[in-house]
Amino acid sequence: MRRFRRLRASDSLRRLVRETKISKSDLIYPIFVAEGEKIKKSVDSMPEIYQYSVDMLDEELERIYNSGISGLLIFGIPKHKDETASSAYDDNGVTQQAIRRIKKLYPQLIVIADVCLCEYTSHGHCGVVRDGKILNDETLPLLSKMAVSLAESGADIIAPSDMMDGRVSALREALDANGFPDIPILSYSAKFASGYYSPFRDAAESAPCFGDRRTYQMDCANGREALREIADDIEEGADMVMVKPALAYLDVLSAARNQFGLPIAAYNVSGEYSMVKAAAQLGWIDEKRIVVENLTAIKRAGADIIITYHALDAAKWLEEEE
Ligand code: PBG
Ligand code: ZN
């Protein structure tokens, strides 16, 4: 008889034949940096996640660095928002200042800079708005200016999350022309219009004040289109691509893994995090077990890089298991 159970008989055997192992170096932790001073503000819908001002960041950075994960994804929250997102490409903007601080203290920590206008526009949309429409081509130069400014501040990787068409080639051209031919682009290629982002919009104060993002982010029903988006971003020069959210889109991740050879990131987004935290707080699930299972599923489906708010806890738990 075929006895599959032979190799499940002990913890040592199970470890020996385990197919998928997450490592701390796979993990990226998102952080929110708010303009101002002495800010450590909790995010109601995301337990244990805070906005920090740059002057309050050091302790958090030490914690991130000591955890042994690869790096962080940075989101800035400016005081001043306007129609053209001018704080996004202000060389003294909050995101730029935060990046300089991080790279000064921990040059080894990888800083991925999210490039999108929604935290910086008065209306909260990811692009330039005219007559209630989100304009594609008019947005590209602003994203380009933002990317160059973030690269100048020391960002290691530029990650456009806006979902305008043609942005990867626009950013590649701008980075090359401004002396950053070696800065890689991680494109949020398959980014779906998702209900799982709502806690993030509290954290980043970036909810759109009219309409929604369905004219630029993808319809959650479209798997084949996601692969076309990814193929197109690769053609435009993306060095890495992303699928976002992660858990409800593991089929897309797996298909992308089978079709493309470049590194693929998955974003285990805010709503996925908050659902786990809420159920754990109620005592309905075992948080550690669920987090390790979720992250393993994301890796098993094909992610090389996992962006997750659980990163610091997961790093600790993975260490305990080694
Ligand atoms: C901004 C951006 C969003 C997220 C990352 N970058 C939100 C959005 O598109 O509304 C979501 C991240 C998360 O939910 O954790 N374009
Ligand atoms: Zn946006």
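This is a short tour of a predicted model, stop by stop, with a selection to make at each one.

**Stop 1: strand 4 and its neighbours**

Select residues 71-77. This is strand 4, and seven of its seven residues are buried. Now add residues 27-34, which form strand 1. Strands 1 and 4 run parallel and share seven bridges. To find the register, pick Ile28: Gly71 of strand 4 stands opposite.

Next, show residues 110-115. This is strand 5, parallel to strand 4 and joined to it by four bridges. Gly71 serves as a marker here too, with Ile110 of strand 5 opposite. Then trace the chain from strand 4 to strand 5. The path goes through helix 3, residues 94-105, and the β-α-β crossover is right-handed.

**Stop 2: a buried residue with positive phi**

Stay on the path out of strand 4 and select Ala85. Ala85 sits in the loop between strand 4 and helix 3. Its phi is positive, about 55 degrees, although Ala85 is not a glycine. Most residues other than glycine have a negative phi. Is Ala85 buried or exposed? Ala85 is buried, with a relative accessible area of 0%.

**Stop 3: the largest cavity**

Two cavities reach 30 Å³ or more. Go to the largest, which holds about 150 Å³ of space. Select Phe75, Lys191, Tyr197, Phe200 and Lys244; of the 19 lining residues, these lie nearest the cavity centre. Strand 9 (186-191) and helix 6 (198-203) are the elements that each give two or more residues to this lining. Colour the lining by residue class: ten residues are nonpolar, three polar and six charged.

Keep Lys244 selected and add Pro245. What joins Lys244 and Pro245? The link is a cis peptide bond, with omega about -10 degrees. Most peptide bonds are trans. Pro245 lies in the loop between strand 10 (240-244) and helix 8 (250-259).

**Stop 4: the second largest cavity**

Move to the second largest cavity, about 40 Å³ in volume. Its lining is Tyr29, Pro30, Ile31, Phe32, Glu48, Ile49, Tyr50, Tyr52 and Glu60. Two elements give two or more residues to it: strand 1 and strand 3 (46-52). The lining has seven nonpolar residues, no polar ones and two charged ones.

Zoom in on Glu48, which belongs to strand 3. Glu48 is not a glycine, yet its phi is positive, about 70 degrees. Glu48 is partly exposed, at 47% relative accessible area. Keep Glu48 and add Lys277, Glu287, Asp313 and Lys316: a network of salt bridges links these residues.

**Stop 5: the largest pocket**

Now find the largest pocket, with a volume of about 710 Å³. Select Arg18, Thr20, Val292, Thr296 and Glu321; among the 19 lining residues, these are the closest to the pocket centre. The elements giving two or more residues are helix 1 (11-16), helix 10 (287-301) and helix 11 (311-321). Which element gives the most to this lining? Helix 10 does, with seven residues. By class, the lining has four nonpolar residues, three polar and twelve charged.

**Stop 6: three salt bridges**

The structure holds 19 salt bridges. Side chains of opposite charge can pair when their charged atoms come close. Look at three pairs.

- Select Lys24 and Glu319. Their closest N and O atoms are 2.4 Å apart. Lys24 is in the loop between helix 1 and strand 1 and Glu319 is in helix 11, so the pair ties together parts 295 residues apart in sequence. Lys24 is partly exposed, at 22% relative accessibility.
- Select Lys103 and Asp156. Here the closest N and O atoms are 2.7 Å apart. Lys103 is in helix 3, while Asp156 is in the loop between helix 4 (140-153) and strand 8 (157-160), 53 residues apart. Lys103 counts as buried at 16% relative accessibility, whereas Asp156 counts as partly exposed at 25%.
- Select Asp176 and Arg172. Their salt bridge is 3.0 Å, N to O. Both residues lie in helix 5 (residues 167-177), four residues apart, about one turn of the helix. Asp176 is partly exposed at 39% relative accessibility, whereas Arg172 is buried at 14%.

Technical notes:
Residues are numbered from 1 along each chain as its sequence is written. Chains are lettered from A and ligands numbered from 1 in the order in which they are written. This is a predicted model: local features need pLDDT of at least 70, side-chain atom pairs count only at pLDDT 80 or more; totals for chains, interfaces and linings use all residues. Side-chain values use heavy atoms; hydrogens and water are left out. Buried means under 20% relative accessible area, exposed over 50%, partly exposed in between (1.4 Å probe, protein chains only). Two strands pair if DSSP finds at least two bridges between them. A crossover is right-handed if, with the strands pointing away from the viewer, the path from the first strand over the helix to the second runs clockwise. On a 1 Å grid over the protein atoms alone, a cavity is a set of points where a 1.4 Å probe fits but cannot get out, and a pocket is an open set with protein on both sides within 12 Å along at least five of seven lines; lining residues have an atom within 4 Å of a point. Grid points are joined across faces, edges and corners, and a volume is the space filled by probe spheres set on the points. Ala, Val, Leu, Ile, Met, Phe, Trp, Tyr, Cys and Pro count as nonpolar, Asp, Glu, Lys and Arg as charged, and the others, Gly among them, as polar. A salt bridge is a side-chain nitrogen of Lys or Arg within 4 Å of a carboxyl oxygen of Asp or Glu.
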